[in-house]
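Here is a friendly walk through one protein model, from its overall make-up to a few residues worth a closer look. Have the structure open as you read.

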Amino acid sequence: MKHQIGGHDENNFSYNYSLIEGGPLGDKLEKINYDNKFEAAAGGGSICKSSMKFYTVGGSVITEDEIKALIKGSEGVYKPVEAYLLANPEACN
């Protein structure tokens, strides 16, 4: 997979990037943009708010099931990172 970094904002704890080649793009998607923002949680820790924007090729249409599968795949990246950071809080210093 090939990603393109869009940018990051250290003051707002946010970043964005695009998947531009390989992975789940197949023949229907040109790219997927990801926007992520981290906010402090009321009880401690943080909350990650994410959004994905899909850019289709030509007149291609992606179904609701395909979108759900793409979202589930993205969530699969965050769970191992979350587990690692919870087990190793010093990694963030």
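Helices and strands here are DSSP runs, with at least four residues for a helix and at least two for a strand, numbered from the N terminus.

## Overview

Please keep in mind that this is a predicted model. Residues 1-88 are 27% helix and 44% strand, and the C-alpha atoms at the two ends of this span lie 28 Å apart. An unreviewed UniProt entry annotates residues 1-88 as "domain: Bet v I/Major latex protein".

## Strand pairing around β3

Let us begin with β3, which covers residues 29-40. On one side of the pairing list, β2 and β3 run antiparallel and share six bridges. Within that pairing, S18 has N33 of β3 as its bridge partner.

Strand β3 also pairs with β4 (residues 46-56), again in the antiparallel sense, over 11 bridges. Two positions help you to find the register: L29 stands opposite T56 in β4, and K37 stands opposite K49 in β4. The hairpin of β3 and β4 has five residues between its strands, and G44 takes a positive phi near 100° there.

## The nonpolar core

Which residues make up the largest nonpolar core? There are nine in all: Y17, L19, L25, L29, I32, Y34, I62, I67 and L70. Three elements, β2 (14-21), β3 and α1, each give two or more residues to this core. The biggest share comes from β3, with three residues. As a general point, nonpolar side chains in soluble globular proteins tend to be buried together.

Two core members are good places to look around. I32, in strand β3, is buried, with a relative accessible area of 0%. Beyond its neighbours within four places in sequence, I32 is in contact with Y17, S18, L19, P24, L25, M52, K53, F54 and L70. For a sense of scale, the C-alpha atoms of I32 and G59 are 16 Å apart, with the two positions 27 residues apart in sequence numbering. L29, with the same four-place neighbours left aside, is in contact with P24, F54, Y55, T56, V57, I62 and L70.

## Aromatic rings

A pair of aromatic rings is described by the distance of the centres and the angle of the planes. How many aromatic pairs does the model hold? The count comes to three. In one of them, the rings of Y15 and Y17 have centres 6.0 Å apart and planes at 10°, so this pair is stacked. Y15 is partly exposed, because its relative accessible area of 29% falls between the 20% and 50% cut-offs. Y17, at 18%, counts as buried because its value is under 20%.

Y17 is also stacked with Y34, at 4.7 Å centre to centre and 15° between the planes. Since Y17 lies in strand β2 and Y34 in strand β3, the pair ties together parts that are 17 residues apart in sequence. Both of these tyrosines, Y17 and Y34, are buried. Taken as a group, Y15, Y17, Y34 and F38 form one aromatic cluster.

## Two buried polar residues

Is N33 buried or exposed? This residue of strand β3 has a relative accessibility of 17%, so N33 counts as buried. Its side chain makes a polar contact with the side chain of Y55, at 3.5 Å. Apart from neighbours within four places in sequence, N33 is in contact with Y17, S18, S51, M52, K53 and Y55. Among these, S18 is the bridge partner already mentioned.

Now turn to the helix. S74 sits in α1, which spans residues 64-87. Its relative accessibility is 15%, so S74 counts as buried as well. With neighbours within four places in sequence left aside, S74 is in contact with Y34 and M52. Y34 belongs to the nonpolar core and to the aromatic cluster, while M52 is also among the contacts of I32 and of N33.

How values were computed: Residues numbered from 1 in each chain as written. Predicted model: local features only at pLDDT ≥ 70, side-chain atom pairs only at ≥ 80, totals over all residues. Heavy atoms only, no water. UniProt positions renumbered as here; feature names shortened; annotations may be inferred. Buried < 20%, exposed > 50% of the residue type's maximum accessible area, 1.4 Å probe, protein only. Polar contact = N/O pair within 3.5 Å; in protein donor to acceptor, adjacent residues only side chain to side chain. Contact = heavy atoms within 4.5 Å. Core = buried A, V, L, I, M, F, W, Y, C linked by side-chain atoms within 4.5 Å. Pairing = 2+ DSSP bridges. Phe/Tyr/Trp six-rings, centres within 6.5 Å; stacked < 30°, edge-to-face > 60°.
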